[in-house]
Amino acid sequence: MTASTHSVAGHWIGGETVTGSAGGTLPVVNPATGEVVAETPAGTAADVHHAVAAARAAFPAWAATTPQHRADVLRRLGAGLAARTEEIAQAITAEMGSPIGMSRTAQVAFPAAVVESIAGLADDFAWTEEVGNSLIVREPIGVVGAITPWNFPLQQIVSKLAPALLAGDTVVFKPSENAPLTARILAEVAAEAGVPAGVFNVVYGTGATVGEAISAHPDIDMISFTGSTRAGQRISSVAAATVKRVALELGGKGANIILDDADLPTAVEQGLMMAFSNGGQVCGAWPRMLVPAARQDEVVALAVEAAKQYTVGDPNDEATRIGPMASEAHRQKVVGYIERGIADGARLVFGGPERPEGLTGGAYVQPTIFADVDPTSPIAQEEIFGPVLTIIPYADEEEAVAIANGTQYGLTSGVFGEPEHALAVARRLRVGQVDVNAGHWNPLAPFGGYRQSGNGREFGRFGLEEFLETKSIQR
């Protein structure tokens with residue numbers, strides 16, 4: 001088992017390593033082995049204040065640069081991330097258990113592509129426009145507080161940092177204490193790319209301390225947060241006291257609607273991938289597979305056969321498709337939901353709550369499939385965030401749409417069927433993003449949720465607009 005050797009000596013504030021206040025340290029635990037692979041500072045409110053002061057001081061000069069200059073810096077940043085792909089991938093695999101193949105692609109290559117796509121907006125974005133006798137000017141919002149989760153440690157911050165930098169903002173960033181190692185690499189790459197001191201700052205620590213201090217700070221103009229709905233609610237409440245902008249990308253419970261005219265093998269195979277990818281630890285996953293009741297047995301057989309290909313094991317093994325859960329505490333949560341599904345009468349057709357064969361240690365769970373799931377049951381309503389697929393039969397299309405829309409979430413969904421039919425159903429779903437017949441990922445398309453999946457959008461011009469203020473000048 002390869003452990004990360006990347007050390008974190010301190011926070012990154014004002015372009016240099018800062019030891020910070022006497023808040024102690026936090027361990028970084030490899031979930032595959034239970035070993036401590038690094039430590040980070042346990043930041044305090046004083047550390048946040050130091051970082052905010054650096055960001056505020058750096059803001060005027062950075063905001064005064066041209067969008068083209070900032071785009072050039074972003075392109076160098078993206079190239080720098082790509083050049084350190086293996087180092088970043090190894091760090092992510094060690095800190096949160098993502099299989100190494102996925103760490104190299106989704107965890108590193110996707111963020112590099114996002115940086116390039118954001119940089120490409122600089123020339124064509126409407127930084128100013130004329131509306132009647134008014135000049136409309138889009139300006140940087142100021143200092144941004146960015147708070148991210150552990151499931152995609154680099155992707156989540158790049159999705160905020162790239163548009164914030166292009167907008168002319170400065171950033172104070174708190175990574176997850178469970179997966180903080182890539183934050184220092186990103187800071188180094190940003191500095192090498194020409195991001196001035198103070199424009200990007202990193203403060204390590206817990207949500208209860210550092211996250212609260214960022215959310216409440218009067219000199220932070222905006223919070224961009226990705227994480228759980230409960231944490232998003234708390235951030236919104238704290239941030240309200242200073243009336244700062246809050247953009248939230250929260251939980252999800254995506255539905256994969258398989259219509260009667262779908263290519264069933266493809267729909268099941270793609271749906272299973274969207275349920276099990278990254279061990280199911282994806283806010284945009286599709287953990288609910290909605291199928292015509294008359295074809296449920298056929299779907300179950302296809303799903304069970306496909307699930308056998310999802311090898312669970314050492315995340316450093318190239319053959320592994322599902323590594324450990326990101327922590328032992330999270331493993332126990334996922335297992336608890338599997339046990340709850342069994343107790344509530346759902347039909348277990350694959351996997352179960354026991355540890356995978358041959359894996360007596362580590363935060364591993366079996367990929368699990370339930371059939372005949374009640375759409376109102378906890379395993380069909382609550383975000384499990386693990387490799388657990390619930391197959392839910394429906395009587396007709398109206399019921400399928402009602403079930404798909406019948407949770408508190410509204411982040412992503414998929415529809416498989418005859419293209420025009422599937423598109424018509426996609427239009428009826430109350431979610432921020434729908435893939436029809438496994439449509440390809442588009443880094444310029446907006447991503448974000450309805451209802452308790454959050455507000456605001458990431459990627460493309462939609463994500464850039466989140467980090468800008470709009471001024472009208474009448475002449």
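These are my notebook entries on one residue, Phe59, and one helix, H11, in a predicted model.

**Entry 1: Phe59**

I looked up where Phe59 sits. Its place is in helix H1, residues 45-63. Is Phe59 buried or exposed? Its relative accessibility is 16%. The cut-off for buried is under 20%, so Phe59 counts as buried.

Next I listed its contacts, leaving out residues up to four places away in sequence. Phe59 touches Pro140, Gly142, Gly168, Asp169 and Thr170.

I also checked a separation. Ser176 is 117 residues from Phe59 along the chain. The C-alpha atoms of the two are separated by 25 Å.

**Entry 2: helix H11**

I turned to H11, which covers residues 328-343 and has 16 residues. From first C-alpha to last, H11 reaches 22 Å. That is close to the 22 Å expected at 1.5 Å a residue.

Which residues of H11 are buried? I found His330, Arg331, Val334, Val335, Tyr337, Ile338 and Gly341. Why do they line one face of the helix? Seen down the axis of H11, the buried residues fall within an arc of 150°, so they line one face. The general rule behind such a pattern: an α-helix has 3.6 residues a turn, so residues three or four places apart point the same way.

On the other side of H11, I noted Ala329 and Ala343 as exposed.

I then asked what the buried residues of H11 pack against. Their partners are strand S15 (368-371), helix H12 (378-381) and strand S16 (388-394).

Last, I looked just past the helix. Gly345, just after H11, takes a positive phi of about 100°.

Methods: Residues numbered from 1 in each chain as written. Predicted model: local features only at pLDDT ≥ 70, side-chain atom pairs only at ≥ 80, totals over all residues. Heavy atoms only, no water. Helix = DSSP H or I, 4+ residues; strand = E, 2+ residues; numbered from the N terminus. Buried < 20%, exposed > 50% of the residue type's maximum accessible area, 1.4 Å probe, protein only. Contact = heavy atoms within 4.5 Å. Expected span 1.5 Å × (residues − 1). Arc of directions from axis to C-beta.
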